[in-house]
Amino acid sequence: MKKRIFSFVLFFFTIIGTSASVPKYAEIKPYNGRPTIHVNGQPVSPNFYALTHATGGRWSWEEVPQRNLKQFYDMGFRLFQVDLYFEDIWYEEKKELDIEKARKQLRGVLEVAPEAAIVLRVHTNAPYWWNKANRDECTEYADGPIQEEYQPGLPHNNEDFDNERSLRASLASEKWRKEAGERLKELCDGLAVSPEGDALIGMHISGGIYGEWHYWGFISHEPDTGKAMTTYFRKWLKNKYGNDKNLQKAWNRKDFTLTDATVPGTEERNTTHFGFFKDPQQDQRVIDYFTAQQEVVVEDIEYFSKIVKDKWPRPLITGVFYGYIHMTFNRQTVGGHLFIERILNCPTLDYLAAPQTYWNDSRAMGGSGNSRGIVESTLLHGKLWLDEMDNGEYQKKAFIDPVRYVERYDPDYAPLLRRCALFPLMRGIGLWYYDFGPRESLGWWDDPRYRKTIREEKELFDQRLHIPYKSEADLLYVWSMDNFYYLKPGYLPITFNVLDQSVEEALRSGVVGDHIYDFDLDKVNLDQYKAVIFMNNYVLTDAQKKFIKDKVAKNSRTLIFNYLTGITDGKKIDYALSEKLIDVKVKPAVAYAPQGVEFLNPGFRYDFDGTVDPMVVIDDPDAEPLAYLKGTKQVIAAKKKFPGYNVVFAALPINGTDVFRSIFKDAGCHVYNEANDFTYCNTGLLLIHTKDGGKRDIHLKNGKTLSLDLAPKSNTLLDANTGSIILK
């Protein structure tokens, strides 16, 4: 017995290292079919605890943060993350960085978690003093002047005014990039020779709004008309077009040249010529600008991540917030993450991350707690995805008495906490608990009942790490980022609807799906999927359409085209382009509000919030009607059979959990649960998260049916083969 205990202890310390004085190194490598963090050569489950960025809870050496760091350490956590801003250590009056403060931030973790492996979230934004001294390098806004009153730092958080027209270095500034890069090299050099640096296993490279690489002010404002961005845009245009003639032909206008081209203003950005789509033959100037703005952000990420990889003396992991598609405020074009394919192929990045979606129906009780990115594509490219769990505000007692201790535990929040951990870990990805709680004098999860459930999940997935990953999906969701270049950059009735509302409804259909980008369609095993649903793929190349026709449309598979799939190829926009792909005859219709859809079976009606324009109706005698335009007999959704495959085309986006389930079931997809709970299955585990509870018949893939009586506001984790309960 003693020999077995000694062997276990030896193995454990081999994984993480015996102390901060033994330098740690880390990589992300394949393990059991999924990208996995390896520390000192050994795989570890991707469970982190992270302090907040917010004033009052961000410094690791302070009393309440240390308490929470120790509690997670005592629960078995060895992976930790802390924030550090250049604003904190890059002073105007000093030539060198304040490396001691950076060391102190790491040291505070090690004081209570001596075996910690730490990822440092480094915010590369220039300090406010630098921005004041370099006004020509700063962001300007098309919709108004810089608001000088918005100054970061105490008594505010460093990030409080990022969504305003604040004074921030342009993400196109070569001077900022170079000088921040020099500071990053200095930080690496200083930490690498320190004892605290021995515990560092990674750097999370941050910039832009909230460190998430959104462009400054993007939600409500219109960046970036400043000198730095204008200079970058002109260089970008020269690289693309080469001469004035090519530029003027592409833009269909002669009032600009490569040397005097300007950044489009607000009115031009919001002008469209094909409903709410931009016409490449009339709107290429705006399409070009947003492409350039998106590319410069990726160049920043590539630049800083390469510095870290090159300068650190041991292998370490690098990550970045990128790849958000869900809940990006209808502003993906302006501040989103549209160069996702390039980021997924970036050799100096190891993981992508995002907070779990902020769409309330997903985030609240009964919802999926969905990731904001397209997870299975990330895994296909050998990169890990990490969810940031920052939902503690859903506790009724999240904001406590500032003077005295008040019990934190909220029984209505506890099921959310469990769901938000189980879903990502089942999915083959990871998460960190991002703790805003200390700024309210207590950690969000500082209660023994929360710690019990977190410990149980941690222990389970430490074990599950060694079980080979296996997707249980027979449905494939296909998504696009490129389509945003061709959409009006503001609220549209198809954006929140498709990206947030309807996908959440589909996730509760009882059918399990994988999610990929359209550029990865040729990388998956299509034989696994009974149905493929093209969610928002409004722009497709000829090569992509050919692949869909030749490779996807076969083997009795159902192809579901959700709205005007492939209506543009990036050169022109035309209904005929979509009609040729879907092989269902359509005719243009006048778009009006309110537009409603009436599905026949199941009977379900829904309206759109605003006018969906452009619009077609189905005019095909060989297609079976599935839904009508409300109040008419105009067909708005239909099914058409072809030799070897079927097509479902919806001329307005599909809504309704029962509708999605009916379409998926008709395609042959397995339905685990017909009660509209969030149900997910992967690698032999089956999760049911329910708000209302009640009796359920759960249909396993092996033919066995389970009769369960689920408690309201609960999670049930089952063995997907035997039906035995693993966690509740």
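**Notebook: charged pairs, rings and two helices**

I searched the whole structure, which is a predicted model, and the search returned 57 salt bridges. I then went through individual pairs.

**Entry 1, a pair across the chain.** I looked up Arg427 and found that it forms a salt bridge with Glu376, with the closest N and O atoms 3.2 Å apart. This pair links distant parts of the chain, since Arg427 is in the loop between helix 15 and strand 11 (430–435) while Glu376 is in helix 14 (residues 375–380), 51 residues apart. I also checked the accessibility of both partners: Arg427 has a relative accessible area of 3% and is therefore buried, and Glu376, with a relative accessible area of 6%, is buried as well.

**Entry 2, helix 15.** Having met helix 15 as one border of the loop that holds Arg427, I asked myself how far apart its end C-alpha atoms are. They are 18 Å apart, which agrees with the 18 Å that the 13 residues of helix 15 (residues 414–426) should span at 1.5 Å a residue. I noted next that 13 of the 13 residues of helix 15 are buried, so this helix is largely enclosed by the rest of the structure. Past the helix I found Gly428, whose phi is positive, near 90°.

**Entry 3, two more salt bridges.** I looked at Lys546, which forms a salt bridge with Asp550, the closest N and O atoms being 2.6 Å apart. Both residues belong to helix 18 (residues 542–552), where they are four residues apart, about one turn of the helix. Is Lys546 buried or exposed? At 54% relative accessibility Lys546 counts as exposed, because the cut-off for that class is over 50%, whereas Asp550, with a relative accessible area of 38%, is partly exposed. I also recorded a network in which salt bridges that share partners join Glu100, Arg103, Arg107 and Glu196. For Glu472 I found a salt bridge with Lys470, with 3.8 Å between the closest N and O atoms; Glu472 is buried, its relative accessible area being 13%.

**Entry 4, aromatic rings.** My search of the whole structure for aromatic pairs gave 40. In one of these, the ring centres of Trp251 and Phe256 are 5.8 Å apart and the planes stand at 80°, so I entered the pair as edge-to-face. Trp251 counts as buried at 3% relative accessibility, and Phe256 counts as buried at 11%. In another pair, Phe660 and Phe664, the ring centres are 5.7 Å apart with the planes at 35°, so I entered this pair as tilted. Phe660 and Phe664 are four residues apart in helix 20 (residues 657–666), and so are separated by about one helical turn. I read 0% relative accessibility for Phe660, which counts as buried, and 0% for Phe664, also buried. I further noted one aromatic cluster, whose members include Tyr49, Phe77, Tyr433 and Trp444.

**Entry 5, charges over rings.** Returning to Phe77, I found the charged end of Lys458 sitting over its ring, 5.7 Å from the ring centre. The charged end of Arg177 likewise sits over the ring of Tyr303, 6.0 Å from its centre.

**Entry 6, Gln332.** I closed with Gln332, which lies in helix 11 (residues 332–335) and counts as buried at 3% relative accessibility. Which residues is Gln332 in contact with, leaving aside its neighbours within four places in sequence? I listed Gln294, Ile325, Leu338, Phe484 and Leu499.

How values were computed: Residues are numbered from 1 along each chain as its sequence is written. This is a predicted model: local features need pLDDT of at least 70, side-chain atom pairs count only at pLDDT 80 or more; totals for chains, interfaces and linings use all residues. Side-chain values use heavy atoms; hydrogens and water are left out. The expected span of a helix is 1.5 Å times one less than its number of residues. Buried means under 20% relative accessible area, exposed over 50%, partly exposed in between (1.4 Å probe, protein chains only). Contact means heavy atoms within 4.5 Å. A salt bridge is a side-chain nitrogen of Lys or Arg within 4 Å of a carboxyl oxygen of Asp or Glu. Rings of Phe, Tyr and Trp (its six-membered ring) pair if their centres lie within 6.5 Å; planes under 30 degrees apart count as stacked, over 60 as edge-to-face and the rest as tilted. A charge sits over a ring if NZ of Lys or CZ of Arg is within 6 Å of the ring centre and within 35 degrees of the ring normal.
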